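User: Could you take me slowly through one part of this structure, explaining how the strands there are arranged and what surrounds them? I am in my first year, so please spell out each step.

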Amino acid sequence: LGEYGSMLRDVFAFSENDVWVVGEIITNVHTGERANAAHWDGSKWELHKIDLNPPMYYILGFSQDDLWMVSGIPHHWDGINWSKYHLWDMGVLSPNDGILTKIWGTSSSNLYFVGDKGTIVHYDGSQYRRMESGTDADLKDIDGIYDPETGQTRIWVAGTGVLLYSEGETWEVVWDFDHPFFKDNYKNPTAIYIPDNKSIIIATWNGSKTKVTLHRQESFNIYHTLVNNDDIYILSMSGNNMNDFFMAGTYTEVAHYNGLMIHSFSELKDYGILWNCIQKDNHSYVVGYQGGGFARAVIFRGIR
């Protein structure tokens with residue numbers, strides 16, 4: 001999508017014929033015209049310019065009339081209009097806080113936004129509230145689970161050299177650079193995926209290799225290594241369950257774990273980065289940019 005210099009940051013799919021991507025899509029490299037979102041209806045892409053057209057980092061959807069995007073600040077679509085929330089002007093964030101880049105939540109009345117400089121904001125449907133994270137590290141990924149049987153919420157955030165945990169109100173530093181969980185310099189969690197209400201999967205980088213580990217949520221120290229010493233720098237994980245999930249990252253590498261082994265789709269590898277992936281039933285979508293000096297935004301769709 002777009003001309004060279006374009007990049008996609010995230011993808012969200014309601015179905016195979018209802019897919020959204022966000023990022024920075026340059027439509028005319030000479031005039032600087034661009035879009036920051038695009039929608040696939042099963043036959044064609046429609047480009048969208050939201051607000052003043054800043055780059056979009058992330059998208060989360062609850063319905064076609066209830067979409068959230070993040071461009072450093074939240075944007076919400078109610079089916080008729082887009083609303084933006086400049087949290088600095090609203091007094092929620094201070095000048096020392098970082099921009100927001102990711103979202104997780106159970107509904108539009110229970111959202112958690114994370115971003116640079118350890119910034120975390122909660123939205124309850126009417127008010128935004130800054131939360132103390134206990135770190136000033138840049139926060140890169142967030143995932144959570146709500147158990148309707150117990151009413152418990154568990155949320156995990158991966159950042160530069162830090163892993164955070166919350167049950168909705170306060171945040172705990174699980175590990176950081178000074179108190180690492182793993183040996184052999186595996187200190188930097190790069191992506192997390194929560195497949196069910198009992199498990200969490202974490203990708204951790206040691207400077208040259210990645211390991212992927214499956215932990216119990218209630219007994220984090222109990223874990224099993226799924227992938228060890230892999231060259232891929234994983235930026236995103238998504239799947240149907242712990243034995244059926246995708247990983248994406250640097251050099252536009254995509255890999256799938258089936259419960260026994262990893263399969264890498266080597267035919268997709270190239271210069272570039274795949275920033276995010278999502279798996280929905282038998283379809284998977286991966287977005288980023290690909291190519292050398294004339295890189296362009298790219299989206300791959302995998303069909304089982």
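Analyst: This is a predicted model, and a good place to begin is the hairpin of β3 and β4, which has four residues between the strands and in which G42 takes a positive phi near 105°. On either side of that turn, β3 and strand β4, the latter made of residues 45–48, pair in the antiparallel sense over four bridges. Two of the facing positions can be named: A38 stands opposite L47 in β4, and A37 stands opposite H48 in β4.

Strand β3 itself covers residues 33–40, and six of its eight residues are buried, so the strand is mostly covered, where buried means under 20% relative accessible area. β3 also has a partner in strand β2 (residues 18–28), with which it pairs in the antiparallel sense over seven bridges. In that pairing I25 stands opposite A35 in β3. The hairpin of β2 and β3 likewise has four residues between the strands, and there G32 takes a positive phi near 80°. As a general point, strands of a sheet pair through backbone hydrogen bonds, either parallel or antiparallel.

Stepping back to the whole sheet, four strands form an open sheet in the order β1-β2-β3-β4, with antiparallel pairing. Because β1 (7–15) and β4 stand at the edges, each having a single partner strand, one side of each is left without a neighbour in the sheet. From one strand to the next, the twist averages 30°. It also helps to remember that in a regular strand the side chains alternate between the two faces of the sheet.

For the wider setting, we can turn from backbone pairing to charged side chains, of which those of opposite charge can pair when their charged atoms come close. The structure holds eleven salt bridges. One of them joins E218 and R154, whose closest N and O atoms are 2.7 Å apart. Because E218 lies in the loop between β19 (210–216) and β20 (223–230), while R154 lies in strand β14 (residues 152–159), this pair ties together parts that are 64 residues apart in sequence. E218 is exposed, with a relative accessible area of 65%, whereas R154 is buried at 6%.

Another salt bridge brings together the side chains of D244 and R304 (2.9 Å, N to O), and it links distant parts of the chain, with D244 in strand β22 (residues 244–249) and R304 in the segment after β27 (296–303), 60 residues apart. Here D244 counts as buried at 9% relative accessibility, while R304 is exposed, with a relative accessible area of 56%.

How values were computed. Residues are numbered from 1 along each chain as its sequence is written. This is a predicted model: local features need pLDDT of at least 70, side-chain atom pairs count only at pLDDT 80 or more; totals for chains, interfaces and linings use all residues. Side-chain values use heavy atoms; hydrogens and water are left out. Buried means under 20% relative accessible area, exposed over 50%, partly exposed in between (1.4 Å probe, protein chains only). Two strands pair if DSSP finds at least two bridges between them. Axes are lines fitted to C-alpha atoms, for helices over the stretch in contact, and angles run from 0 to 180 degrees between N-to-C directions. A salt bridge is a side-chain nitrogen of Lys or Arg within 4 Å of a carboxyl oxygen of Asp or Glu.
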